[in-house]
Amino acid sequence: MRETFSTDDLQPAAGGGLLHRRVLLKAGLILASAGAAQPALAAAGKKPAVESDLAHPSWTREPGQPFTNYGLPSKHEAAVMRSVGANHDVPGNGVSWTPLESLEGILTPAGLHFERHHNGVPAIDPAQHRLVIHGLVKQPLMFTVESLLRYPMTSHLIFVECGGNSNAGWHQEPIQRPVGSFHGLVSCSEWTGVPLSILLDEAGLDPKALWAVAEGADAMLMNVSIPVEKLMKDCIVALYQNGERIRPENGYPLRLIAPGWEGVLNVKWLRRIQLTDQPVMARNETAKYTELLPSGRSRMFTFVVDAKSLLTSPSCGQSLSGPSVYELKGLAWSGRGRIAMVEVSADGGASWTRAQLQDPVLPRCFTRFRAAWKWDGQPAVLKSRATDETGYVQPERAALVAERGRHGYFHYNAIVSWGVDAEGKVSHVYA
Amino acid sequence: MSMRDALLAAGFVFGGAVCALSAEAPKLGIPISPADVAAWDISVFPDGRGLPPGNGTARQGRALFDAQCARCHGAGGRGGTAEELAGSTSPLNGPDPDKTIGTYWPYATTVFDMTRRSMPMHAPGSLSNDEAYAVTAYLLFANKIIAEDFEINRESLPLVKMPNRDGFDRIDAP
C-alpha cells in the first residue's frame, strides 16, 4: 500500500499551499475535473447515483467484440477530439488543436496531433510522389517513397510546435478556452525516417549551398527556407509517426522534421529540396512567421522554439471539488534541449517550488511534470515556469510583452496563469 | 562508433530479404537532368531568379482581381474572409499596426510567387504567367508602390523596392 500523508508532508514548500514534490509518491491526491461541479468520484470513493451490479457487469457475462484490424478509442472517449478553427470560405485553411487537457504522459496520439493546413490535406498516392533534391548539388536526384523506405533510419521523440501557437496570449484580455484550444498547436510524437544528411551527401553538396528551400505537395505548394547547417545536423525525412506511416494530415508520405524548430519548417508532404546560396524569401518567412516589434522592425528567421510550460490540470474551464490536496500536472518543452527544471507557484508568482519531472526527460521532447498542492478554498493563481538546460527561463507575460509588444503574433511562450476562485472554478488570468 | 555510425558504415539496406553490405549508404536516388528539374522548380528569388517570361500591368490586373480574388480578399484587397492585401492606414510602429503588402512585405517577388504558387485558393495554379504578373502589378499599384501602367515582368519586378525592405532582423540565421 502507498503511504498516506503525514502532517509533515502538509508543511508548505511555497506560498498558497504548494507542497514538497515527495508528496506525489503518496496516496490521497485528487485531480481537478473538467466541466462544472462534477464531484471527484474516484477520489472521494463515492458510488455512482445509479445503482447497478458493479461486481457483475453485463460485459463479464457475454462474449466481447471480435478482433479489429485497426483499433479506435472507446466510444466513451468520443469527446476527446481536436477542436477545429477554419476559414469558412476555404474549409482546408486553418488549424485544429490538440486537446492537451484530456491527455496524459508525453506522446500525442497521431489522430490528435495538431494540424495547420493552408489549403487542405492533399490526397497523395505514394506511388506517384517524389522527392527531388536539386540546386547547388553535384547531381540532382529524385527519390521514390519506396526507395526511401530502404535507407537506414533514425528516430526522434520530439515535439512539433506551430510558431503561431498560443497567439491569443497577445490579446488584451485573457482568452477563456480549454488549454488545448489555446496552447494546443503543439504535439509530441516519435518521428522516424532517413537522416537528411545521407540524401544530401548522395547528391553532393556544393560548398556554396548555405540554404535550402523545402516545398510540400499540397494545394498551397507551401515552401520555406532553412539553413543547410540545420539540415545536415539533425533533420530527417520522416516516413513514420509513432511507429506507423505518417497520417495524411501530418504529411503522408514524407515530412521534413527539424527538431526543436518552429512547425512551419517541418514541411509536410515534402516533395522538393532546393539547395541555394540564400533564402528564397517565401511568403511564410516574410509576410508570416516574422514578428513585428513596437519599434516597427521585425524579427525574421526565428526558428528555435523557446522553453515553455503550462499546467494541463487544473486548467481553464475545469473546477476543483473543494478544499483538498490536488495534483498539479503539466507539460514543458524547449527547442534548445532538455528541460532542466519546472517550478510551480500557487500565489501568482510570489513564491515557487520545484515540480517533479517525470522520466523520460528528453531533449526537444515534451516533459511531464507534477506537483502537489493543498487548496484551502481561497482564491489562488497557479503558474508554472520552465528552465531549460541552456539556462533559458520562461518569461512572465509582462516581461515578454514589454520586450516584444503585442503585435508579433508568433512565438508566444510566456508563463501561463490560471486563476482559481472560491468556488474552485478555474479561468485564464493575466497575473 | 555510435550505433548509427556503425549502421551507416556497414551500409545496411533494409527491405525484402536483402541486407547488403557495402561501403556506403544505399544510393537509390535517380539522377535527373536539368530539363526535368525545370518542371519542378518554381522558386522565385528576390533577385528575380526563377521568374518566367511574361508581363502585365495593374490596369490589366484589376479585372482579374475583381473576378478571382476579391470574393475572399475584399474589394481592392481591403480584406474579407482572407487577409487584407492593401489599404493600410496605420503605421507599423503605431499602437494598432496594419500589415499589408505595402507596409510589411520586404520583396515584390514574393507577391508574384505566392499568387502563382497558391492563389486563387479554390483553383491554385490556374493563373497564366501573364495573369500572375498583371495581378501582382495590381496589388503593387493598390499599395501605391507602382503606377497603373507600369509593366511588371521578370526584369522590372525584382527592381521594385518595397517600403519595408530593410525592416527585418535575422534572429537564428546569418
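Colleague: Which strands make up the open sheet in chain A, and in what order?
Modeller: In this predicted model, 3 strands of chain A line up as β4-β5-β6 in an open sheet, with antiparallel pairing.

Colleague: And which strands stand at the edges?
Modeller: Those are β4 (83-86) and β6 (115-117) of chain A. Each has a single partner strand, so one side of each is left without a neighbour in the sheet.

Colleague: By how much are neighbouring strands turned against each other?
Modeller: On average by 10°, with direction ignored.

Colleague: Over how many bridges do β4(A) and β5(A) pair?
Modeller: β4(A) and β5 (residues 94-97) of chain A pair over 4 bridges, in the antiparallel sense.

Colleague: Nice. Which residue of β5(A) does A:A86 stand opposite?
Modeller: A:A86 faces A:G94 there.

Colleague: Switching to chain B: at what angle do helices α3 and α6 cross?
Modeller: At roughly 95°. The axes of α3 (residues 58-68) and α6 (residues 129-142) of chain B come within 7 Å. That crossing angle makes α3(B) roughly perpendicular to α6(B).

Colleague: Which residues meet there, on α3(B) and on α6(B)?
Modeller: From α3(B) you have B:A58, B:Q60, B:G61, B:R62, B:L64 and B:F65. They meet B:E131, B:A134, B:V135, B:A137, B:Y138, B:L139 and B:F141 in α6(B). By class, this contact has 9 nonpolar, 2 polar and 2 charged residues.

Colleague: What about α5(B) against α6(B), how do those axes cross?
Modeller: The axis of α5 (residues 108-118) of chain B comes within 9 Å of that of α6(B), and the two cross at roughly 130°. α5(B) and α6(B) are therefore oblique to each other.

Colleague: Is that crossing left-handed or right-handed?
Modeller: The crossing of α5(B) and α6(B) is right-handed.

Colleague: And which residues are involved in that contact?
Modeller: B:A108, B:V111, B:F112, B:T115 and B:R116 of α5(B) meet B:N129, B:A132, B:Y133, B:V135, B:T136, B:L139 and B:L140 of α6(B). They divide into 8 nonpolar, 3 polar and 1 charged.

Colleague: Now confidence. What pLDDT does chain B average?
Modeller: Chain B averages 89, and 87% of the residues score at least 70. Residues 1-23 of chain B, though, have a pLDDT below 50. That stretch still has 31 contacts in the model beyond near neighbours in sequence. Where pLDDT is low, predicted coordinates should not be read in detail.

Colleague: Last one: what ipTM and pTM does the predictor give the complex?
Modeller: The complex gets an ipTM of 0.90 and a pTM of 0.92.

Technical notes
Residues numbered from 1 in each chain as written. Chains lettered and ligands numbered in written order. Predicted model: local features only at pLDDT ≥ 70, side-chain atom pairs only at ≥ 80, totals over all residues. Heavy atoms only, no water. Axes fitted to C-alpha atoms, helices over the stretch in contact; angles between N-to-C directions. Parallel < 35°, antiparallel > 145°, perpendicular 65-115°, else oblique. Contact = heavy atoms within 4.5 Å. Nonpolar A, V, L, I, M, F, W, Y, C, P; charged D, E, K, R; others polar. pLDDT = per-residue confidence, 0-100. Left-handed = near helix turned anticlockwise from the far one by under 90°. Pairing = 2+ DSSP bridges.
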